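Please walk me through this structure, stop by stop, as I have it open in my viewer. Tell me what to select next and what I will find there.

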Amino acid sequence: MEISDTLTSIIEFGDQQSIDIPDQLPLMAVRDIVIYPSMIVPLFVGRGASVAAVNEAMATNKLIFLVTQKDSAEEDPGKDGLYKIGVVAVVMRGLQLPDGRLKILAQAIMKAKILTFVQEKPFISVRLKPLPEVPPKGTGVEIEALIRNVREQAEKLFGLKGVLNPELTGILNEIDDPGRLADMIASNMRFALADAQHLLELVDPLERLKVLNDLLSRELEISFVQAKIQSEAKEEMNRTQREYFLREQLRAIKKELGELDEKEDELEELREGVLEAKMPQDVYEEAMKQIDRLEAMHPDSGETSMVRTYIEWLIDLPWSSATRDKMDVAYARRVLDEEHYDLEKIKERILEYIAVRKLNRQAKGPILCFLGPPGVGKTSLGRSIARAIGRKFVRISLGGVRDEAEIRGHRRTYLGAMPGRIIQGLKRAGTNNPVFMMDEVDKIGTDFRGDPASALLEALDPEQNNSFVDHYIDLPFDLSKVIFILTANATDTIPSPLLDRLELIELSGYTTEEKKQIAMRYLIPKQTKEHGIKPDQMEITEPALTAVITDYTREAGVRELERQIGAICRKVAKRLAEGQEGPFKVTPKNLQRYLGVARYQPELAMEEDEIGVSTGLAWTPYGGEVLRIEAALVKGKGNVVITGLLGEVMKESCQAALSYTKSILEKLGIDPKFFEEKDLHVHVPSGAVPKDGPSAGITLTTAIISSALGKAVRKNVAMTGEITLRGRVLPIGGLKEKALAALRYGIETVIIPEQNLKDLEELPAYLRRAVNFMPVRHMNEVLPLVFKDKISSRGDRPVAPTF
């Protein structure tokens with residue numbers, strides 16, 4: 001059933017007690033309205049149960065029980081969905097509509113209460129108890145005062161709503177009965193459903209009038225505030241329109257007199273731009289103030305251009321312009337899978353981030369920082385996030401930034417002052433909620449011009465970036481809607497306060513198989529398209545692609561691989577331009593024709609097991625690396641020479657390794673005075689490259705012991721771990737990067753500290769299958785693995801040798 005706009009009126013009845021009301025009547029639920037006694041209301045009846053109830057009433061005594069349902073959205077309310085008190089009404093007229101609904105005119109007679117439900121199908125029938133009006137309890141003076149107060153408040157309220165007329169005033173003044181007055185006023189007010197029902201359920205007329213008086217007082221207060229707001233809004237609108245018309249008239253007059261110049265046009269354009277920018281009130285006032293200053297300046301004044309530029313910046317900033325987010329997790333996964341191979345853990349974290357933003361768009365999300373070597377896809381991940389959620393993408397590079405003004409902007413007192421890079425990026429984006437990527441945050445510098453990293457703290461702190469103040473703009477700008485994503489190669493150079501605000505997501509290097517998949521899915525199609533080569537004109541076979549990865553690149557990411565594929569495409573494009581017909585097939589046999597002689601050769605294939613040479617693993621910001629550590633003994637007086645541009649930590653590791661070796665000489669079967677007549681030279685090749693770190697202890701010890709024993713170290717065993725003077729092996733970091741480096745060099749066995757066994761769970765399954773990790777607790781467990789003819793089976797603990 002639907003209810004039309006109700007038109008209520010009061011009609012004269014005889015004595016209600018004389019009306020014969022049966023104790024059982026059909027029930028019809030109404031919604032969005034509470035019907036009071038003496039009220040006439042038109043109703044549209046559409047629900048099946050309601051139509052059946054009306055038909056039953058029309059077929060008998062035309063009496064029906066009308067009661068309000070508690071939830072207006074409920075289509076078929078049951079017993080619990082109906083109030084217990086309603087009104088008995090007589091159906092005065094009924095009309096069948098073409099769409100099957102009924103239109104009736106019902107007149108409420110008196111209140112009644114449901115005692116029991118007799119039936120529920122095809123319509124609800126109930127047993128009722130009539131609730132006749134009772135005499136008011138109270139003195140005549142109290143009743144008269146309350147009636148007058150309610151009348152006055154009702155007249156004021158009707159006047160504010162614009163519905164007061166002489167006829168309504170006359171009706172209000174004619175009714176002296178408290179109950180009828182309360183019902184009449186309540187029927188013409190739009191009270192909340194619960195308040196209106198409460199009024200209906202009150203039997204005592206005086207009590208009903210008191211509750212109505214309180215409700216009218218509250219409605220009157222709300223109406224006064226509402227009228228004040230409307231009046232102020234209207235005055236503001238009238239003032240703005242008046243200024244606009246006056247300005248247009250002044251413009252027309254000046255045009256007639258020939259006094260309209262370019263400056264007036266420029267000022268008018270600036271004013272229109274300020275209005276269209278939809279700025280916050282304080283920014284709008286500042287912009288109009290600056291326009292008034294500009295108007296008073298001489299066009300040739302040096303400050304004129306500065307003020308004009310500042311106003312243009314205020315107009316161009318996206319104060320209220322925002323893109324609509326597309327927080328679809330399934331779509332985001334498709335986008336990430338389309339543009340990035342593998343990286344499942346990173347994708348899962350990004351999808352969690354998007355899911356949280358979908359459930360709570362006002363949530364203050366973390367500041368993500370992608371950490372990993374170059375070329376692994378950090379920047380492209382940020383671009384994919386922007387595409388996945390439908391936002392603009394902005395990227396700035398912070399590498400080498402040393403001036404705080406690059407972040408916060410220059411003050412306008414300086415000639416050539418400009419906003420900082422954050423505000424400039426928002427202007428380029430054109431929206432106030434882009435995905436904002438800051439690359440190379442670990443390469444920010446510091447000098448006498450300030451600390452840019454400290455300036456970033458305000459912008460990246462979700463608790464305070466809703467009022468970020470750029471020195472040039474000098475007005476608060478809300479950055480809380482921006483999604484900031486940072487990238488870095490290492491965390492060592494990021495200041496601790498800034499690092500504390502970042503959630504690190506690590507991206508390690510790729511294996512040969514992963515690089516091959518990335519090349520086939522993304523890099524080759526991209527390069528062939530950029531070089532104008534059709535897919536059927538060139539083919540790089542899978543073995544050739546593997547050769548490019550292993551023989552022409554040695555990196556954690558895929559940038560160099562993309563350059564090599566680009567070089568192949570250029571050669572093919574040249575041959576096509578010369579008129580040669582394709583397709584051209586690149587294989588391992590003809591690869592040198594495209595890329596020249598291989599840059600890298602498998603080192604293990606070129607080397608033999610050597611005395612005093614051990615293989616270590618190192619972590620760098622650009623991925624893992626394999627280090628050959630050499631130790632040589634010559635006649636001397638016990639001196640130690642360390643070369644290879646080693647840092648202090650590695651030098652101390654070398655001293656610890658030598659001291660441990662001296663402590664076990666007797667167990668090794670060597671004269672304890674062996675090193676007194678020998679000089680030890682420890683060297684790490686690539687002497688021009690600085691090297692440092694705390695994980696080379698067992699590698700250095702192995703090289704020294706190998707030299708002392710005159711026994712060769714197996715070339716296909718790499719190791720990482722620090723040692724103590726007692727020979728205990730300590731845990732290390734960067735295990736994944738080191739394992740990838742070992743795999744890249746063809747090393748299948750890696751010795752690791754036992755305490756790093758837990759880190760193996762974080763490694764991809766293919767890496768755990770490809771590399772045999774040998775956990776050790778003590779240095780005496782390392783020696784059997786590097787000197788034995790055969791390595792222990794995978795997963796077996798090596799047996800400590802007996803010295």
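Start by selecting Arg-271, keeping in mind that this is a predicted model. Is Arg-271 buried or exposed? Arg-271 counts as buried, because its relative accessibility is 10% and the cut-off for buried is under 20%.

Now add Asp-292 to the selection. The side chains of Arg-271 and Asp-292 meet in a salt bridge, with 3.9 Å from N to O. Arg-271 belongs to helix 7 (residues 262-276) and Asp-292 to helix 8, so this pair ties together parts that are 21 residues apart in sequence. Unlike its buried partner, Asp-292 is partly exposed, at a relative accessible area of 44%.

**Next stop: Ile-291**

Stay in helix 8, which covers residues 281-296, and select Ile-291. Its relative accessible area is 0%, so Ile-291 is buried. Which residues does Ile-291 touch, leaving out those up to four places away in sequence? They are Leu-267, Leu-270, Arg-271, Val-274 and Ile-311. You will recognise Arg-271 in that list from the salt bridge with Asp-292. For a distance to try in your viewer, pick the C-alpha atoms of Ile-291 and Arg-308: they are separated by 8.0 Å, and the two residues are 17 apart along the chain.

**Between the two helices: Lys-278**

Move to the loop between helix 7 and helix 8, where you will find Lys-278. What is the phi of Lys-278? It is positive, about 50 degrees, although Lys-278 is not a glycine. Most residues other than glycine have a negative phi. Lys-278 is exposed, as its relative accessible area is 61% and exposed means over 50%.

**Another positive phi: Ser-38**

Select Ser-38, in the loop between strand 2 (24-30) and strand 3 (40-45). Ser-38 is not a glycine, yet it has a positive phi of about 70 degrees. Here the residue is buried, with a relative accessible area of 8%, whereas Lys-278 is exposed.

**A cis peptide bond: Lys-121 to Pro-122**

Go on to the loop between strand 6 (102-119) and strand 7 (124-131), and select Pro-122. Is the peptide bond from Lys-121 to Pro-122 cis or trans? This bond is cis, with omega near -5 degrees. Most peptide bonds are trans.

**A buried isoleucine in helix 4**

Now select Ile-185, which sits in helix 4 (residues 178-187). Ile-185 has a relative accessible area of 0%, so it is buried. Show its neighbours as well: leaving out residues up to four places away in sequence, Ile-185 touches Val-150, Ala-154, Leu-172, Leu-212 and Leu-216. Pick out Leu-216 and look at the C-alpha atoms: Ile-185 and Leu-216 are 9.6 Å apart in space and 31 residues apart in sequence.

**Salt bridges to look up**

How many salt bridges does the structure hold? There are 34. Here are some to select:

- Glu-133, Asp-183 and Arg-208: these are linked in a network of salt bridges.
- Glu-440 and Lys-443: the closest N and O atoms of this salt bridge are 2.9 Å apart. Glu-440 counts as partly exposed at 24% relative accessibility, and Lys-443 is partly exposed with a relative accessible area of 34%.
- Lys-574 and Glu-578: in this salt bridge the closest N and O atoms are 2.8 Å apart.

**Inside helix 19: Gln-564**

Select Gln-564 in helix 19, which runs over residues 559-577. With a relative accessible area of 5%, Gln-564 is buried. What does Gln-564 touch, not counting residues up to four places away in sequence? Its contacts are Val-548, Tyr-552, Thr-553, Leu-595 and Arg-599.

**Last stop: a charged patch**

To finish, turn to the surface and select Glu-608, Asp-609, Glu-610 and Glu-630 together. These residues gather in a patch of negative charge. One of them, Glu-610, has its place in strand 17 (residues 610-611). Is Glu-610 buried, exposed or partly exposed? Glu-610 counts as partly exposed, because its relative accessibility is 39%.

Conventions
Residues are numbered from 1 along each chain as its sequence is written. This is a predicted model: local features need pLDDT of at least 70, side-chain atom pairs count only at pLDDT 80 or more; totals for chains, interfaces and linings use all residues. Side-chain values use heavy atoms; hydrogens and water are left out. Helices (H or I, at least four residues) and strands (E, at least two) are DSSP runs, numbered from the N terminus. Buried means under 20% relative accessible area, exposed over 50%, partly exposed in between (1.4 Å probe, protein chains only). Contact means heavy atoms within 4.5 Å. Patches are made of residues with over 30% relative accessible area and no salt bridge: like charges are joined within 9 Å, nonpolar side chains (Val, Leu, Ile, Met, Phe, Trp, Tyr) within 5 Å. Accessible areas come from the Shrake-Rupley method with a 1.4 Å probe; for residues, only the protein chains shown count as cover. A salt bridge is a side-chain nitrogen of Lys or Arg within 4 Å of a carboxyl oxygen of Asp or Glu. Lys and Arg count as positive and Asp and Glu as negative; His and the chain ends are not counted. The place of a charge is taken as NZ of Lys, CZ of Arg, CG of Asp or CD of Glu.
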